[in-house]
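Ready for some practice at reading a protein model? Work through each exercise with the structure open, then check yourself against the solution.

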Amino acid sequence: MDFVFLFLLMSIVRHAIIPAITSRLFTITIALLSGHILLDYDQSTLLHTTQTNIIQSTILNQIHPSFQNQPLVSTNSVCSSTADSYIVHFLRPLVRWDAVYFLDIAKSGYRLENQHAFFPALPLLMRFVRLLFDPNHTMCHEAANTVAGLMISNVAFVLAATALFRLSKQLSFRPNTSRLAVTIWCLIPSSIFLSSIYTESLFAFFTFQGMLSYSRGNRFQASIWWSFSALTRSNGIIYIGFFIWDILHHAKKWQSSFVFLVMRSILYSGLVLLPFVGFQWYGYQMFCVSSVTTRPWCSQTIPMLYSFVQDYYWNCGFLKYYTLQQLPLFFLAFPVFFIQFYTIWHYFKSDPKRFMTLGFLTDSKNSQLEFGQSKLLPFIYLSLFMVFYCGLFMHVQVVLRFMTSQPIVYWFIASRLNQKSVPSIVKVYLYYCVVYGSIGAVLFGTFLPPA
C-alpha cells in the first residue's frame, strides 16, 4: 500500500506539480521583467492620493453611518520601511486591474457597492495567510497583502493542476492524456491572471476538486468544494446543475428512492447556493437596512446587489457589449469561443442521439472513444451554457479567464495529441496559447489592455 501511494505521489509530482510550478515561474518572470523594463501604460495602482481618500470618505459617509468620522486608510497602510517599499515596487507588475480591488477589500473590507462584484473568499484568505507570516502586522498592508494574494493564487494553481490530473484519471482518460491535459492547462492564454491576485486559480482548484468528488460518487464532498467556489466567484452556483443531472438520471448507483434523491440533491444545491445568498444578504443589510439613503435596487422584487453592480458599474447585461467600439475585443476572444464550440461539436458528432436526448438514448458503438464517454456529457452541457452566457451577457474578452475552470478543452486537445495525425486546428490553438500567453504577460505587466 505504501508503495502504491508513493507511486501515485511521484506521478502527481512529475506530471502535475512540476509543470505547474515551471509555467508559473516562466509567466511571472515575463510579467516582472516587462513591468520593470517597459513603461507602464496606467499608473493608477501607484496613486494613493489624499484627494481620492477624501472623495471615497465622502461617499461612504453619505451611504452608511458607521463610516462617519472614521479614517479611510489605516495608519499601517503606507509602506514606510525600505523593505516593504521594495517588496511593493518589485511585485507591482503583478498587481494590476482587479487585483487592486482585492487588495483594498483585504485591507479595509467592503465599503462601496462596486466592490461587491468581487466575492470574499480571496480577500478572507489573504487576511488569514498574512497572519501566518506576519502575525504582529509589522509589514504594511500593501506589502503583506500583496505577498499573501500572490502566494494564494500560485499555490492554488499548482493544487488545481494536481486536481485536474486526478480528475482526468478518475474519468478513465489514459495516463498520457491526463498528463497532456495538465500541460495544456499550464499553457492557457490567460495564464498571467492565474498568477496575479485574481480568483481564477482558486476558483479552478475548488471547481476541479468538486468535479473529482462528484466523479467518485461523493456528492456531499462535491457540494462543499463547490460552495467554496461560489464564495470565490458568482458562477460557482451553476454547479448545482450536476445535482439536477442526478435527479434527471435517477442516480441508480446511489440505490435510494427517487424522493430521497430529490431531497438530497436539493440539500446539496442549497449548500452550493448558500455563500452566494449570504453575500447578497450581507450587501442588503449594509446598503438597504443600515444605510442612511436607500439605493434603487433595494426596492426591487428580488433585491440582488450583484446583478445591480454588474449592470450599473460594469455595464454587463444581455447584448450590452455588442457595439462597434468593442469589435476588436470580439476578435481577441474569438479563438477561445471557437475552440470551445469546436470541442463541443466533436463530442456531439461522437453520438448525436445521446447529446440531443440528455444522455437517455445512446449509440454505444460511437460512445467508446476516449473523448466520447457518456460520463463527460454533464461537463459538455456545463461548458456550453457558460460559453453562451459569457458571449451574451459579459464582456467577451473575459472568456479567456472565464473558461479556465472548464476542463473539456484540455481533455479534447490532449486526446487529439495522442493521435498519429494531430489536427491542424489543435496545433494552431496550441501556438496561440503559447504566443498570446507570453504576450498577455507582457501586456499585464505593463498595465496595457485588454484585461
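**Exercise 1.** Sort the lining of the second largest cavity by residue class, then find out where that lining comes from.

*Solution.* Step one: the lining has nine nonpolar and three polar residues, with no charged ones. Step two: put names to them. Among the lining residues are Ile188, Pro189, Val336, Leu400, Met403 and Tyr429, along with Ser190, Gln340 and Thr404. Step three: look for the elements that give two or more residues to this lining, and you get helix H13 (327–350), helix H16 (399–402) and helix H17 (408–417). Step four: add the volume, which is about 100 Å³. A search of the whole structure turns up three cavities of 30 Å³ or more.

**Exercise 2.** Work out how far you can trust this model, which is a predicted one.

*Solution.* Start with the whole protein: its mean pLDDT is 88, and 87% of the residues reach 70 or more. Next, look for a weak stretch. Over residues 45–76, pLDDT stays under 50. The model still has 45 contacts beyond four places in sequence for that stretch. Where pLDDT is low, don't read the predicted coordinates in detail.

**Exercise 3.** Describe the overall build of the protein: how many helices and strands does it have, and what percentage of its residues is buried?

*Solution.* Count the elements first: there are 18 helices and zero strands. Then turn to burial: of the 451 residues, 52% are buried. For the surface, the protein exposes about 21,400 Å², and carbon and sulfur atoms supply 68% of that. Last, take the contacts with a separation of 6 or more: 72% of them are between residues 24 or more positions apart.

**Exercise 4.** Find Trp225 and list its contacts, leaving aside neighbours within four places in sequence.

*Solution.* First, place the residue: Trp225 sits in helix H9 (residues 219–232). Now for its contacts, which are Phe205, Phe206, Gln209, Gly210 and Ser213. Pick out Gln209: it is 16 residues from Trp225 along the chain, and their C-alpha atoms are 6.4 Å apart.

**Exercise 5.** What is the phi of Leu319, and what is the phi of Leu358?

*Solution.* Begin with the background: most residues other than glycine have a negative phi. Leu319 has a positive phi, near 60°, and Leu358 also has a positive phi near 60°. Then locate them. Leu319 is in the loop between helix H12 (305–312) and H13, while Leu358 is in the loop between helix H14 (352–356) and helix H15 (377–393). Finally, check exposure: Leu319 has 36% relative accessibility, so it counts as partly exposed. Leu358 is at 36% too, so Leu358 is also partly exposed.

Technical notes: Residues are numbered from 1 along each chain as its sequence is written. This is a predicted model: local features need pLDDT of at least 70, side-chain atom pairs count only at pLDDT 80 or more; totals for chains, interfaces and linings use all residues. Side-chain values use heavy atoms; hydrogens and water are left out. Helices (H or I, at least four residues) and strands (E, at least two) are DSSP runs, numbered from the N terminus. Buried means under 20% relative accessible area, exposed over 50%, partly exposed in between (1.4 Å probe, protein chains only). Contact means heavy atoms within 4.5 Å. Accessible areas come from the Shrake-Rupley method with a 1.4 Å probe; for residues, only the protein chains shown count as cover. pLDDT is the predictor's confidence in each residue, from 0 to 100. On a 1 Å grid over the protein atoms alone, a cavity is a set of points where a 1.4 Å probe fits but cannot get out, and a pocket is an open set with protein on both sides within 12 Å along at least five of seven lines; lining residues have an atom within 4 Å of a point. Grid points are joined across faces, edges and corners, and a volume is the space filled by probe spheres set on the points. Ala, Val, Leu, Ile, Met, Phe, Trp, Tyr, Cys and Pro count as nonpolar, Asp, Glu, Lys and Arg as charged, and the others, Gly among them, as polar.
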